[in-house]
Amino acid sequence: MQKISILIPIYNVEQYLRECLDSVVNQKLKEIEIICINDGSTDSSLDIIKEYAERDSRIVVITGPNGGYGKAMNKGLDAATSEYIGIVEPDDYVSDNMFPDLYDIAKKNDLDLVKADFYKFKTNNGTKEKTVMPLDKTGTHYNVVFDPSHTPEAVYFTLNTWTGIYKRDFIEKYHIRHNETPGASFQDNGFFFQTFIYGQRAMIVDTPYYLKRIDNPNSSVYNRDKVYTMSIEMDWVMDILKRDPEIWERFKYMYWWRKFQNYMFRYNVLDKSFKQEFMNRFCMEFKWAKLRGELDFNVFEPSQRATLEEMITLADKYYFRHNLSVSWKIKKLIPKTIKDFLKKLLWGKEYGNKKS
Amino acid sequence: METKNHEISVIIPVYNSEKYLRQCLDSIVNQTFKDLEIICVNDGSTDSSLQILQEYASKDDRFVVINQENGGAGKARNTGLQSATGKYLSFLDSDDFFEPTMLQKAHEKIEKDNSDFVVYNSDQYVTEKNDYVSAVCGIRPTAIPPYMPFSYRRLTENIFKAFVGWAWDKLYRKSFVDEHKLYFQEQRTSNDMLFVFSALIVAKRISVIYEVLAHQRRDAEGSLSKTREKSWFCFYDALIALKDRIEKEGLYWELEKDFINYALHFTMWNYETLAEPTKSKLKEKLRTEWFDNLGITGKPEDYFYNSFEYHEYLDIVK
């Protein structure tokens, strides 16, 4: 048995694929299996994979018609045979000590999962601008073994699936898989949540190994079919959490926290023609989460708390108030410093009380 | 006998509805969707309803007429359900009538979304005025997600108030009804609520059509709801049966709040629309037993989505 199966789901990435494959093939840990899942690429991606596979017998090629990110990843998980599983996206790459280092840490501490900080990078005139991205912005959870299944605050960690490795026995014990929705539809959310609600021995490390490409900023969403892909993924996550009342009880506040972040992120990239309907739904969902006792305002930052309170109070009038009403537009002209002062005056005390 | 199964089984319990039956049956015969099996269960009518059914059956071989002794609409629907062979089920009432495209549109939607059931809108028809009440009912739009299909967890409303607890504005997949052993309660009134809400909580895929496709007759003579004095306890039996079903599905931990809120809502509606002396009898039952059994007793005011209903409850128990 190899030490790590590295899964690479591939769809039309000929431009970046060689840099990715080189970084994986040249890992200092040699006992690895590299599973390339071609998800019906229409460019030369498959040829590139085959070329690499001819030279390196550790590469396994799986190919099929386009079935979306989740299905491709699940095929990879089904095919994996190693002790641990890693994920590299084909437009990113990794440093050559990522998998040996993570493997050592995982073995030494008998971990279900270990995750590391990462870089995001842009290419500007041929030079790479890298920025370190910490998983834990508070910096307080690094380099110690913890039990994510009883640490709901770990949902605050930056959400990704590809900066870590996962013990395959653990993945199989809980049959952790991706949602098989079409295309790329945020299927990493479901995988992330499952690893955190079921994992019992985990560690995050503050060494960045993984290089995440952000050359293609999130482009606007103009296609109606894509407007609610995030909602559908988070619905799937809720259905998983609710399989077990205890898990739901433990994670419900952080579920809604994560959903708020995801929905804001989504809302901001939507074409204007979809925003009102999306925001109405957003408000209604949170209004009912509160009525059902699933919201805890204390897990949100104060500024988000204020937004959320207003969204819940106004519900389907929130969008109108903020985008269409004249009085709101006038309010927008008030300088931010004065607004902040007024907010403090009005809300500051109340939030102070709530925190204690 | 035909060997090929029809696509939709339409099930209609018929009890002394000679006055409106032809309008109902015509609107079914004239559906643009033709691949039907029309199962009419004559529930021991004492008027000419059976003759009318036989007349339609002699002209249209899609009709199946079943006779049974009077046992109520719930039992009649179960009888129809047992003999249904269609892929989909439509439960209609003999004093209502329907848009000619109702089944076509519902069928198209349930197939497209691969849904367990599909819900459409309806309005009410007042016979005396020969006119429709403008209010559309059936689907509460603010409760429904903007994407389909969905399960009850996606509803932004008390889940038991997103749709109405009657069966005739919905088209059901028969394999879904069979798999979950859904059935109608065999009681005089409130006999479809258990079926409709059990389906709601077990369905993984629900779709809606925001279009008025059915017309419910209001104030019809002999309409059961007008004579609820005889069956004043049926709503309670329906609520208890629903509670049992929620518990059996292992969902009570999640749905308790919605159920209790709905139980209070439905109880108050029944209470307000009941005449004396039965009303006082019901009040006594509620105070001494039923509010306890429904889980309403002892819940704090902020447990209730509608504080007006909570205060109505306080008025009864004080």
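The following dialogue examines a predicted model of two chains and the grounds for the terms applied to it.

Biologist: What makes chain A as compact as a globular protein of its length?

Modeller: The radius of gyration of chain A is 22 Å, and the globule rule gives 21 Å for 356 residues; the two values are close, so chain A is as compact as a globular protein of that length. Its secondary structure comprises 13 helices and 9 strands. The C-alpha atoms occupy a box of roughly 65 × 40 × 40 Å along the principal axes.

Biologist: How do you know that chain B is as compact as a globular protein of its length?

Modeller: The reasoning rests on the radius of gyration of chain B, which is 20 Å, close to the 20 Å that the globule rule gives for 318 residues; chain B is therefore as compact as a globular protein of that length. Chain B has 10 helices and 9 strands, and its C-alpha trace spans about 60 × 45 × 35 Å along the principal axes.

Biologist: What percentage of the residues of chain A is buried, and what percentage of those of chain B?

Modeller: In chain A, buried residues make up 52% of the 356 residues. In chain B, 58% of the 318 residues count as buried. As to contacts between residues at least 6 apart in sequence, 80% of those in chain A join residues at least 24 apart, and the figure for chain B is 80% as well.

Biologist: Why is A:Lys252 called buried?

Modeller: The relative accessibility of A:Lys252 is 8%, and the term buried applies under 20%; A:Lys252 therefore counts as buried. This lysine lies in helix H8 of chain A. Its side chain makes a polar contact of 2.9 Å with the side chain of A:Glu249. Apart from residues up to four places away in sequence, A:Lys252 touches A:Gly293 and A:Glu294.

Biologist: How do you know that the pair A:Lys252 and A:Glu249 is in polar contact?

Modeller: The polar contact between these side chains has a length of 2.9 Å, and the cut-off for a pair of N or O atoms is 3.5 Å. The pair is within that limit.

Biologist: Why is A:Asn124 called partly exposed?

Modeller: A:Asn124 has a relative accessibility of 38%. Buried requires under 20% and exposed requires over 50%, with partly exposed in between; A:Asn124 therefore counts as partly exposed. A:Asn124 belongs to strand S6 (residues 113-124) of chain A, and its side chain is in polar contact with that of A:Glu129 at 2.8 Å. From A:Asn124 to A:Glu54 there are 70 residues in sequence and 33 Å in space, C-alpha to C-alpha.

Biologist: What makes A:Gly64 a buried residue?

Modeller: The relative accessible area of A:Gly64 is 15%, whereas the cut-off for buried is under 20%; A:Gly64 is therefore buried. This glycine is found in strand S3 (residues 59-64) of chain A. Leaving aside neighbours within four places in sequence, A:Gly64 is in contact with A:Asn38, A:Asp39, A:Gly40 and A:Lys75. A:Gly64 and A:Asp39 are 25 residues apart in sequence, yet their C-alpha atoms are 5.8 Å apart.

Biologist: Which residues of helix H3 of chain B are buried, and what covers them?

Modeller: In helix H3 (residues 73-83) of chain B, the buried residues are B:Ala73, B:Gly74, B:Ala76, B:Arg77, B:Asn78, B:Gly80 and B:Leu81. Their cover includes strands S1 (8-14), S2 (36-43), S3 (63-68) and S4 (88-91) and helix H5 (174-179) of chain B.

Biologist: How many residues does each chain give to the contact, and what area is buried there?

Modeller: Chain A contributes 19 residues and chain B 18 residues. About 1,600 Å² is buried between the two chains, with carbon and sulfur atoms giving 56% of it. A:Arg281, A:Trp288 and A:Arg292 supply 38% of the area that chain A buries against chain B, more than any other three residues.

Biologist: Why is the pair B:Glu254 and A:Lys242 called a salt bridge?

Modeller: The closest N and O atoms of B:Glu254 and A:Lys242 are 2.9 Å apart, and the cut-off is within 4 Å; the pair therefore satisfies the definition of a salt bridge. The rule finds 5 salt bridges across this interface, and 10 residue pairs in polar contact, both residues at pLDDT 80 or more. On the side of chain A that touches chain B, helices H7 (229-241), H8 (245-269) and H9 (272-291) each give two or more residues. The largest share, 6 residues, comes from H9(A). That side divides into 8 nonpolar, 2 polar and 9 charged residues.

Notes
Residues numbered from 1 in each chain as written. Chains lettered and ligands numbered in written order. Heavy atoms only, no water. Contact = heavy atoms within 4.5 Å. Buried area = accessible area lost by both parts, 1.4 Å probe. Salt bridge = Lys/Arg side-chain N within 4 Å of Asp/Glu carboxyl O. Polar contact = N/O pair within 3.5 Å; in protein donor to acceptor, adjacent residues only side chain to side chain. Helix = DSSP H or I, 4+ residues; strand = E, 2+ residues; numbered from the N terminus. Nonpolar A, V, L, I, M, F, W, Y, C, P; charged D, E, K, R; others polar. Rg over C-alpha atoms; globule rule 2.2 N^0.38 Å. Buried < 20%, exposed > 50% of the residue type's maximum accessible area, 1.4 Å probe, protein only.
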